[in-house]
Amino acid sequence: MAEEYKEALLEKQTTYHEGCPGCKVEQMKQLRKGYPYLELSFVWIVVLSTSLPISSLYPFLYYMIEDFGVAKTEKDIGFYAGFIACSFMFGRALMSVFWGIVADRYGRKPIILLGTISMLCRFQCSFGLSLNFWMAIGTRFLLGSFNCLLGTMKAYASEIFRDEYQATAMSAVSTAWGIGLIIGPALGGFLAQPADKYPNVFSKESIFGRFPYALPCFTISAFALVVTVLCCFIPETLHNHKQDYTSQDDSYAVLEAAAHESTTASTGKTGKASSQGSLLKNWPLMSSIIVYCVLCLHDTAYSEIFALWANSPKKYGGLSYSTNDVGTVLAISGLGLFCFQVFVYPLAERLLGPVLVTRFAGALMIPIQMSYPFIANLSGLSQSVMLNCASILINVLSVSAITGLLILQNKAVDQRQRGAANGIAMTAMSLFKTVGPAGAGILFSLSERRLNAAFLPGSHMVFFVLNVIVLVGVALTFKPFLATARR
């Protein structure tokens, strides 16, 4: 009752400050009652633009290292390719907190514009024009360092949408990111080495003939340029004043009591909200970030292992799929993910809440992942149908679990600390994602040596370890570990 009364009082007594961009957005949200198609489209486009550069290099990275001549043998190519792939995540891990603090101080819009201009339009082109291994390492590191969009967009999406569309907002962020990681490799695969693939259009003497990996980078940069123009017209959501609420007479006592009830649970002290202290002491935030990192580790390791498992020969327990076959499975999974996150997830979040959605999604992933080694024993249409269904379900459940944690993170802090909070989450997640691919590759190599093992032979061991990671994540969603902010 106190919570409901508090919300009613705050809604009645909200004061809009003249000249404050955040207040203008709040007024707009109060007046606009329909579905937020415009805001949803913008979030989709920006998050998509920031995820494309990350994955677009994977199809041609092997050939790029080979052209640089840095690897003495073919076995060394993967070693050097790993450094280029990890340099992006390392740069992002170093700078994410800094960009979050800057976004809290100077606003979301300047950081979004800086991200699209500096990260995508300049460094992405430079990577495509790399002349040697060290230039490629440096440009990818700068790409990661200026990757300030994702964390800022999480904060922006939670502020530009009305309360009843918060699940839709976080779903849009995670889904657009996942779709970008599917579209990116397709762009890189089709547009790399254009002089060899499309000699009637691109000659060997053209810039794309001399720099065979520049076309996909230039294409993504052109898309980023369009996004930059669109970003010039978006509203700023950060308030430039202290967000205080006033109340009168007997309403004041009720409001104070409700505020005390909601803050004591997270701080243990009267009248001192957790948002006013150190973010590292905000347990609702930190606990959700820890679970988020565990599930992101699983997501990255699964993506790496799925591709290796699908491409590996059947004698090793794989599927003997070509890159086109794997791309087709991922494309179908991306379409299923889009439909689920747009039409189903918001309803599931409203009915169950983010914690239960995360818990159920993680639990359901375990039996599905254990079915993969058995799918490899099938053939023909039955194998294709079962594989696509399993891939869609894993991607849907994984993104749903992560989306629920994004909602919890943004609810755990107020607006003045939301950028820094997402920066901490991005830093921790980047460190986990730096370890994920390397660990997954080592694990898969070990599994191929266990074909005749009595316990967990072959690929059974790989998916068993993935399920252990998921199980840890699900276990951490229970109290007292995971705490949720009462806002």
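## Helix numbering and the model

Helices here are DSSP runs of H or I with at least four residues, numbered from the N terminus. With that settled, a quick word on what you're looking at: this is a predicted model.

## The largest cavity

Let's start with the empty space. Searching the whole structure turns up three cavities of 30 Å³ or more, and the largest cavity holds about 80 Å³ of space. Helix 5 (77-106), helix 8 (149-160) and helix 20 (415-448) are the elements that each give two or more residues to its lining. Helix 20 provides the largest share, with four residues.

If you want to pull up the lining of the largest cavity in your viewer, select Ser96, Trp99, Gly100, Asn147, Cys148, Leu150, Gly151, Thr152, Gly419, Asn422, Gly423 and Met426. By class, that lining splits into eight polar residues, four nonpolar ones and no charged ones.

## The second largest cavity

Next comes the second largest cavity, with a volume of about 60 Å³. Charge does turn up here: four charged residues sit in the lining, along with five nonpolar and one polar. The residues to select are Met28, Lys29, Arg32, Gly34, Pro36, Glu39, Ile160, Phe161, Arg162 and Tyr165.

## Helix 8, boxed in

Helix 8 deserves its own look. Twelve of its twelve residues are buried, so the helix is largely enclosed by the rest of the structure. The buried set includes Lys154 and Glu159, as well as Leu150, Gly151 and Thr152, and those last three also line the largest cavity. Ile160 is another buried residue of helix 8, and Ile160 also appears in the lining of the second largest cavity.

The length of helix 8 works out nicely too. Its twelve residues should span 16 Å at 1.5 Å a residue, and the end C-alpha atoms are 15 Å apart, which agrees.

## Helix 12

Helix 12 covers residues 214-231, which makes 18 residues. From its first C-alpha to its last it reaches 25 Å, close to the expected 26 Å. Its buried residues are Ala214, Leu215, Pro216, Cys217, Ile220, Ser221, Ala224, Val227, Thr228 and Cys231.

## Cysteines without bridges

How many disulfides does a search of the whole structure find? Zero. Take Cys293 as an example: the closest cysteine sulfur belongs to Cys296 and is 6.5 Å away, which is too far for a bond, because a disulfide needs the two sulfur atoms within 2.5 Å.

Exposure varies among the cysteines. Cys293 is buried, at 3% relative accessibility, whereas Cys389 is partly exposed at 41%.

## Backbone oddities

A few backbone spots are worth checking by eye. Lys479 and Pro480 are joined by a cis peptide bond, with omega about 10°. Pro480 is in the segment after helix 21 (459-475).

Then there are the positive phi values in residues other than glycine. Ser320 has a phi of about 60° and is found in the loop between helix 14 (283-311) and helix 15 (323-343). Leu456 has a phi near 50°, and its place is the loop between helix 20 and helix 21. Is each of these two buried or partly exposed? Ser320 counts as partly exposed, at 40% relative accessibility, while Leu456 is buried at 16%, because the cut-off for buried is under 20%.

How values were computed
Residues are numbered from 1 along each chain as its sequence is written. This is a predicted model: local features need pLDDT of at least 70, side-chain atom pairs count only at pLDDT 80 or more; totals for chains, interfaces and linings use all residues. Side-chain values use heavy atoms; hydrogens and water are left out. Buried means under 20% relative accessible area, exposed over 50%, partly exposed in between (1.4 Å probe, protein chains only). The expected span of a helix is 1.5 Å times one less than its number of residues. On a 1 Å grid over the protein atoms alone, a cavity is a set of points where a 1.4 Å probe fits but cannot get out, and a pocket is an open set with protein on both sides within 12 Å along at least five of seven lines; lining residues have an atom within 4 Å of a point. Grid points are joined across faces, edges and corners, and a volume is the space filled by probe spheres set on the points. Ala, Val, Leu, Ile, Met, Phe, Trp, Tyr, Cys and Pro count as nonpolar, Asp, Glu, Lys and Arg as charged, and the others, Gly among them, as polar.
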